[in-house]
Amino acid sequence: MQPSPTATQTTGITRFLTQDPNILSMLQMVAKIAPSEATVLIQGESGTGKELVAKRIHELSKRASKNLVSLNCGAIQETLLLSELFGHEKGAFTGAINQKKGLVEMANGGTLFLDEIGEMGLEAQAKLLRFLQEGEIYRVGGKSPIKVNVRIVSATNRDLETQVKQGKFREDLFYRLNTVTLRIAPLRKRPGDVALLIEHFLKDDKLGISIVKSVSPKAMEILQGYHWPGNVRELQNTVERFKILGESEMITENDIPFNIKNQTQESEADNFDDSGTLLLSQVEKRHILRVLNHFKGNKTKAADALGITVKTLYNKLASYDNTKSLVGSGVPSELTH
């Protein structure tokens, strides 16, 4: 009997575990475009594995022997981003006591992966566009151009086309970045991968050695019915907690965190009328606020439970324009500010 299709490990190539036909098709496209010099834009929610795809592109490319340098554009202040990207000369600004090479120079001959490119400000976007057009950079405070040969792979969890329309992202840069666009489906749209990933994480000694070996059918049903707003990262964190706290070889429904069981139970109880259903963004918002409520407003604990960074949580909260309407539903008022 033929085994079910799964993305397999190629020697020296970053692994991406999946049985989903759409993801497998996307990985086949990765193998086709990797040897080219095309810029690639990877779209997908936080925690879906965008960085893994970027690594596969680099490892399957002609640049594999050179550096893959990564920068999360949402994890660094805008004032420091230009220096991180392009470096600076001694004395360029207060605190610049030495010359510093930027990440673009460090990636020379290789690949530069710009994660959360949608978080990049307009000034940095202009500098990045110039580099893509000219193939040269200027360090902050520098006057001499530096030729650099770098392939750009970027990723975002935002809708860049909408940001272009809103004037938050340069249209010319957008078209420069997405010669090829890859889309990674969220985990809730590929529930068949949940069991596969749980099995992998339970066996992964890097997450710690544990007595936990399996998951009961009922517990697996709950886990597969959960929406996983933090995607694979949240699932990995959940399995890691199982391994740390588990007291028997099998995880049962009693071991599953409150926020996962609560969402699954409420999802089963929800009765939508024929006019439609809640938008996915509304479901995500409601769940995030519920988890915050459960942790009494502790954003660090909530972010950990959701499998996202605290910064991402703050960004999501800032994007909600009607959270005040949820105060009466048990959400602490401090979470609406």
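Q: Which residues of strand β2 lie on its covered face, and which lie on its uncovered face?

A: In this predicted model, V69 and L71 form the covered face of β2. The uncovered face of β2 consists of L68, S70 and N72.

Q: What is the pairing between β2 and β3, and how many bridges does it involve?

A: In general, the strands of a sheet pair through backbone hydrogen bonds, either parallel or antiparallel. Here β2 and β3 pair in the parallel sense, over five bridges. One residue of the covered face of β2, V69, has L112 of β3 as its bridge partner.

Q: In what order do the strands of the sheet stand?

A: The sheet is open and contains five strands, in the order β2-β3-β6-β1-β7, with parallel pairing. The edge positions belong to β2 (68-72) and β7 (180-183); each has a single partner strand, so one side of each is left without a neighbour in the sheet. On average, neighbouring strands of this sheet are turned by 20° against each other, direction ignored.

Q: How many bridges join β1 to β6, and what is the bridge partner of V40?

A: Strand β1 (residues 40-43) runs parallel to strand β6 (residues 151-156), and four bridges join the two. V40 has V153 of β6 as its bridge partner.

Q: Which strands does helix α2 touch, and what angle does its direction make with that of β1?

A: Helix α2 (residues 50-59) packs on the sheet and touches β1, β2, β3 (111-115), β6 and β7. The direction of α2 makes about 155° with that of β1.

Q: How is the packing of helix α1 with α2 described?

A: Two packed helices are described by the angle between their axes and the distance between the axes. For helix α1 (residues 21-33) and α2, the angle is about 35° and the axes are 9 Å apart. Their crossing is right-handed. On the α1 side, the contact is made by M26, L27 and V30; on the α2 side, V53, R56 and I57 take part.

Q: At what angle do the axes of α8 and α10 cross, and which residues make the contact?

A: The axes of helix α8 (residues 192-203) and α10 come within 10 Å and cross at roughly 45°. The two helices are therefore oblique to each other. The passage of α8 across α10 is a right-handed crossing. The contact involves V194, L197, I198, F201 and L202 of α8, together with V232, L235, Q236, V239 and K243 of α10.

Q: Why does the end-to-end distance of α10 agree with the expected span?

A: Helix α10 (residues 231-245) has 15 residues, which at 1.5 Å a residue should span 21 Å; the end C-alpha atoms are 21 Å apart, so the two values agree.

Q: Which residues of α10 are buried?

A: The buried residues of α10 are N231, V232, E234, L235, N237, T238, V239, F242 and K243.

Q: Is N237 buried or exposed, and which residues is it in contact with?

A: N237, which is placed in helix α10, has a relative accessible area of 19%. Buried means under 20%, so N237 counts as buried. When its neighbours within four places in sequence are left aside, N237 is in contact with D304 and G307.

Q: How many helices and strands are there in the protein, and what share of the residues counts as buried?

A: The protein has 14 helices and nine strands. Of its 337 residues, 47% count as buried. Among contacts between residues at least 6 apart in sequence, 72% join residues at least 24 apart.

Notes
Residues numbered from 1 in each chain as written. Predicted model: local features only at pLDDT ≥ 70, side-chain atom pairs only at ≥ 80, totals over all residues. Heavy atoms only, no water. Expected span 1.5 Å × (residues − 1). Buried < 20%, exposed > 50% of the residue type's maximum accessible area, 1.4 Å probe, protein only. Pairing = 2+ DSSP bridges. Axes fitted to C-alpha atoms, helices over the stretch in contact; angles between N-to-C directions. Contact = heavy atoms within 4.5 Å. Parallel < 35°, antiparallel > 145°, perpendicular 65-115°, else oblique. Left-handed = near helix turned anticlockwise from the far one by under 90°.
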